Amino acid sequence: MKEDIFDVLIYLFENYLDGDSDNYPDTAVIASELLDAGFQQPDVNKAFDWLESLAEIESITPAVSSSFRIFSGQEVSVFDMECRNFLMYLEHSGILTPMNREIAIDRAMALKDENITLDKLKWIVLMVLLSQPGDSAAFSRMEDIVYDLIPTSLH
C-alpha cells in the first residue's frame, strides 16, 4: 500500500486535530504511533513540517471584495479547473475568506503534488479552517462537504 504525506495528514486530522481535547501527546509519541501504523518516516516528517508551516502562517494580505483571483501558470498545473472553481465556490459561499483561500492554495502547493484532486483540496481547506481561529460555522460547513453530508453544486 502506497502511503504519502497526505495520508499522514488525514490520519492526524481524524485522530488528533479534530478533537476537542487540548491535551495531545507530544510529537514523539504521535510520530511513533504513525510509524507503528505503517507510515514511512520521511512522510511523517514532511507532514509535521507541513502542519508546522500552517501554524506559522501569520498573515496574507486579503484581497478587496471587488477583486478576483487569477491563478499562476504553476498553480494551474497543480489545480485543475474543477479545483479552481471549487475554491471560488467556497469563497463566494462564505466558507473561505480571501485570506484563507490563499492559505489553502499555499498549503496545497507545499505538498509538491503534481495534481491536487478535489478530494485532497477539500481536506486541505478543512485543515486550513481548523487552524484559523474564529469561524467555527465555516469549519462546520466545510466538514459537512468533506464527509459528503451536504451536496455541493458548482454553478
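# A walk through an all-helix model

In this predicted model, the buried residues of helix α8, which spans residues 136-146, are Ala138, Phe139, Met142, Glu143, Ile145 and Val146. Around the axis of α8 these residues cover an arc of only 155 degrees, and therefore they lie on the same side of the helix. The partners of the buried residues of α8 can also be named, since these residues pack against α1 (5-17), α5 (81-92) and α7 (118-131). Where the chain has just left α8, Asp148 adopts a positive phi of about 55 degrees.

With α8 in place, the rest of the fold can be set around it. The secondary structure of the protein consists of eight helices and zero strands, and a reader who follows the sequence meets the pattern α-α-α-α-α-α-α-α. Of the 155 residues in the protein, 39% are buried. When contacts in the protein are taken between residues at least 6 apart in sequence, 70% of them join residues that are at least 24 apart.

One of the partners of α8, helix α1, also meets helix α2, and this pair deserves a slower look. Two packed helices are described by the angle between their axes and by the distance between those axes. For α1 and α2 (residues 27-36), the axes come within 12 Å and cross at roughly 120 degrees. Because angles of 65 to 115 degrees count as roughly perpendicular and those over 145 as roughly antiparallel, this crossing makes α1 oblique to α2. The crossing in which α1 passes α2 is right-handed. On the side of α1 the contact is made by Val8, Tyr11, Leu12 and Tyr16, while α2 contributes Ile30, Glu33 and Leu34. Sorted by class, the contact of α1 with α2 holds six nonpolar residues, no polar residues and one charged residue.

A last stop is helix α3, which covers residues 41-56 and includes Lys46. Is Lys46 buried, partly exposed or exposed? Its relative accessible area is 47%, and because buried means under 20% and exposed means over 50%, Lys46 falls in between and is partly exposed. The position of Lys46 can also be described relative to Asp4, for the two residues are 42 residues apart in sequence, and in space their C-alpha atoms are 9.3 Å apart.

How values were computed:
Residues numbered from 1 in each chain as written. Predicted model: local features only at pLDDT ≥ 70, side-chain atom pairs only at ≥ 80, totals over all residues. Heavy atoms only, no water. Helix = DSSP H or I, 4+ residues; strand = E, 2+ residues; numbered from the N terminus. Buried < 20%, exposed > 50% of the residue type's maximum accessible area, 1.4 Å probe, protein only. Arc of directions from axis to C-beta. Contact = heavy atoms within 4.5 Å. Axes fitted to C-alpha atoms, helices over the stretch in contact; angles between N-to-C directions. Parallel < 35°, antiparallel > 145°, perpendicular 65-115°, else oblique. Left-handed = near helix turned anticlockwise from the far one by under 90°. Nonpolar A, V, L, I, M, F, W, Y, C, P; charged D, E, K, R; others polar.
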